[in-house]
Amino acid sequence: MKNKIGVYVCMCGSNISDYVDVEKVKAEAEKIGGVLLSKTTMFACADSTQQEIANDIKDQELDAIVVASCSPKLHLHTFRNVAIRAGLNPYNYVQVNIREQGSWAHSDNPAQATEKAIKLVQAGIERVKHSKELSTVKIPSENSVAVVGAGIAGMRSALELAEMGTEVHLIEREHFVGGRTSQWNVLFTTNETGQEVISRLYNQIISHPKITLYTGTNIISKKGSVGDFNLTLKVNPRYIKPECKLDKKKFQEAIDLCPIEVDDKFNFNITKRKAIYKNYDSEFPEMPAIDYEACNKCGECAKLCDEIDLNQQPEEKLINVGSVLLSTGFNPYEPPKGEFGYEDIDNVITLQQFKRLIELNGGKLIYNNKEIKNIAYIYCVGSRQVDGENKYCSRYCCTSAIHTAILVKEKYPNINNFHFNRGIRTYGKQEVLYNKASEQGDIFLQSFEDAPTQVEKVGNETIVKIKDILTANEELEVSADLVVLVTGMVPRENADLVNILKVPIGRDKFFNEIHPKLRPVETVIDGVLISGACQAPLNITESVKSSLSAASKVNSLVSSGEIELEPTMAVVHNDKCTWCDKCTNACPYDAISVTKVNDKEVALVAKSLCKGCGMCLPVCPENAIDLIGYTDIEMESMIEALID
Amino acid sequence: MAKINPDFAKEIFKYGNNDFNACYNCGNCTAVCSLSDKDNSFPRKMVRLSVLGLDDKITESLDPWLCYYCGECATLCPREANPGELMMSLRRWLTAKYDWTGLSGILYKSLFATLFAFIATAIAVIWFSAKLNFNTEAIMHFGHQFEMISIAAVFTLILLPNIARMWWFTIIKPGVKVKFKTYLQSAKELFIHMFTQKRTLGCDDSKARWFMHLILVFGYLALLFTTVVLDWFGTENMFIIALGYIESISIFIITAIFVTGRIKKNRELNKFSQPSDWFFVIWLFLMGFTAFIVRIFIDLDLIENNLWMYLFHLIVLVQWALIIVPFGKWTHFLYRSFAMYFEKVIQANK
């Protein structure tokens, strides 16, 4: 029992003291046995106050402290650090929230807000009395990582991690690397093509001794936890022998022979490809691939070339890594049939299809055998939905549409671009593109979400109509030869992966970080990190930034060979445990398993998996589980203080 | 339902401003405009209509004439889209639109056509003088006759029908129903603005500009009266002679200041001079200056032996009367004052 407790009641400027009588709270705290000193302070988090608390701890030999201020989410670590600096165990510190749960919540009733604050502080004091000195738990870790997805984010972080000395397993589901970036031609602001950027990264990756690249590969199971993940990979057959050196002429003959034709996903289905394919000439890995899902194994190509082996079977590989970094990227939003005429009207396509179309077209811009003059871009398709689920802005689409409009105008000077938008968001330096598009004569029309742009077929013409708020709500129309739906981002379908790794999904269906500002690349699953557009709509620059941030986070986690964990976790009292198995079902993290101690079956909590959530405690019929940092006696004394 | 016509912008480029597409509709220009009000909100609206190519709406608008090119909009435009110069270009475009002969448009858009017209008129004057055997008296007599005939002809055949077209475009076609009485009651507005240009004073720091312009207008109208009605070149009356000197001097001094301003580009409205602006101000200068020299030559008895001086004056006069007055920038004198008049009529009708 602690009996030299220091209590500090914070005014938070006036955020707390305007509604809570802090002097009264202080006075009430003083009365409790074991409290040595009780003080009010203008800002507990101020440097000078922190110093004062530290001095009190040393001078008065305090054995525990309570700070009644804001949410522990904000300053728990601040005051733990004060304790550490003063030589006190940080777990002998309790933070009481009298702001979010006191003054702010009850600003209409200061008297009761004060009463509640007193109770909360009393409970905090009772809890700290029973607090124990704890230290972080250390577990060993492999200095290796599985980077999932070899798009630009995955490739860039793989390279960075390898440079920092971490062993990297780069896992790509497709037979080729590059992801979405390789599908874009000229990029803003560097004017390189996406394919050039990817080629450069690939050449660095393939020559790096610390990176192993797996293409055509899925993760099919996971065992273990942070520091020691065991992943089973399934490597799908490429049907091309690994030693194959691409002979362009033979490859072309094989393509000509192949009887299978499927929609070309690389071109967003505006073209067809054969089962044996390569998406573009300089694609990596250099050898072609045979689409194992589409191929009917007729064997025509194998007759032509010894390097084709249709008898290849899927292989399983086991890898052991300390951490998993997900960079699985995004899918363009696929409009349902009929949205802005998509799939109903023959000249309505998505921005991504249009970008491929421009790259594939020659001297004239032709779609459906018709030369294109007027192009209508409809913005925010699949983003900022009023009725739909995608409430978010996809960030990249305004810039991408405008950049594409500039490129298309450069290639085909006679076309006219019409941008039907809901407010242009070319943030940052991308604004220069907006300026350039305006100057080149692109016309911007704007409407609010309550009066969306309309696309309809009138005779042979496709008419795009808008109530333009920039022209006093005038109804304006354009006869468009091509309607380009500026579609936003949705996450890739990763149901299997989500299931295997238990990655949390946000309301927007993207992977969810722990804290968007303070811990932006970590997930609540220790050791599983996220980066790039699998987390939120991001452009290439932003994806790479996030991937590098995740890379350094992964490296700092696994490179020391040891991982530190919070001691707040469940412990089983083996004498009481009767192994009824109720706790395993209650645990959301699969942290509990059975073990034998002295021939008795008891529950075992895996330290590396337990998050200290406490779900197992109430279900235990024998009361055999305790949560360190929130032991029964601590909780009971708090409850007693509150109901007293 | 209006159809967007992006090609219209290319047409406007031929009349001057080619930056207006840069507009991102912030509306700063309208906010800072000293002359824009709730009934006539400009220039953003005109920029928008030009970008979209809604030329019918521009044709029916009087707004371009209500702008006096203070230039603040252009100075403060964050996109350097130059709304003031667009309003100027639209005035040129409207002048061409009002002109039933279509010659205005040709002259505005083609420097070649303008030069051709100027050279052709000069040759015609010289050829005609040759037919009169370069007889000074006969030529001067013809010059005087020409002034009267050309004024009457240009006014009845070109200017009057064009004003009628302006009235048609801005009042009748948009369906504004106006009582005849309203036209009479508002007529005062026409003459006030024609002879005072007082709206110019709505621009900040515009007193000097307004005053010089006022002197120029009066000097020009008075010199016209003095030469045509009082026969300045033929009179012996000392008062009339002196009056003509004062008028011609004031014209060429003020136009010289204006030309210098355009060369120096000292204010926003002088930055983007089109050929039509140069011709207008230089020819006005030449009119005043050559008239002044011709009268000096007459007073010094030099004109008999220096007929070239009068011929030069006559060429300038003929070019002015047949090109610049009916088809060039001179018409702003009428359109601006009629615009104020029509605007008054429309507002009175509401």
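Let's start where two domains of chain B meet. In this predicted model, 24 residues of domain 1 of chain B are in contact with 31 residues of domain 2 of chain B. Which elements supply the domain 1 side? Helix 5 (63–66), helix 6 (72–76) and helix 7 (83–98) of chain B each give at least two residues to the side that touches domain 2. Helix 7 of chain B has the largest share, with 7 residues. Now look at the residue types on that side of domain 1. There are 11 nonpolar, 7 polar and 6 charged residues.

Where do the domains begin and end? Domain 1 of chain B covers 7–98, and domain 2 covers 103–349. Take the centres of the two over C-alpha atoms, and 26 Å separate them.

Stay in chain B for one helix. Find helix 3, residues 44–52. Is it buried or exposed? Mostly covered: 9 of its 9 residues are buried. The buried residues of helix 3 include B:Met46, B:Val47 and B:Leu49. They also include charged names you may spot in the sequence: B:Arg44, B:Lys45 and B:Arg48 are buried. What follows helix 3 of chain B? B:Gly53 does, and its phi is positive, near 70°.

Next slide: chain A. Find the open sheet of 5 strands. Read across it, and the order is 18-27-21-22-23, with parallel pairing. A quick reminder on pairing. Strands of a sheet pair through backbone hydrogen bonds, either parallel or antiparallel.

Why does this sheet of chain A have strands with a free side? Strand 18 (348–350) and strand 23 (443–446) stand at the edges, each with a single partner strand, so one side of each has no neighbour in the sheet. From one strand to the next, the twist averages 25°.

Zoom in on one pair in chain A. Strand 21 (residues 374–381) and strand 27 (residues 482–487) run parallel, joined by 5 bridges. Want a residue to click on? Try A:Ile375: its bridge partner in strand 27 is A:Leu482.

Now see what lies across these strands. Helix 11 of chain A, residues 397–411, crosses strand 21, strand 22 (416–421) and strand 27. Helix 11 runs at about 170° to strand 21 of chain A.

Last, confidence. Chain B averages a pLDDT of 94, and 100% of the residues score at least 70. For the model, ipTM is 0.87 and pTM is 0.84. One reading habit to take away. Where pLDDT is low, the predicted coordinates should not be read in detail.

Definitions and conventions:
Residues numbered from 1 in each chain as written. Chains lettered and ligands numbered in written order. Predicted model: local features only at pLDDT ≥ 70, side-chain atom pairs only at ≥ 80, totals over all residues. Domains from an automatic or database assignment. Contact = placed C-beta atoms within 7 Å. Helix = DSSP H or I, 4+ residues; strand = E, 2+ residues; numbered from the N terminus. Nonpolar A, V, L, I, M, F, W, Y, C, P; charged D, E, K, R; others polar. Pairing = 2+ DSSP bridges. Axes fitted to C-alpha atoms, helices over the stretch in contact; angles between N-to-C directions. Buried ≥ 20, exposed ≤ 12 C-beta atoms within 10 Å, placed from the backbone. pLDDT = per-residue confidence, 0-100.
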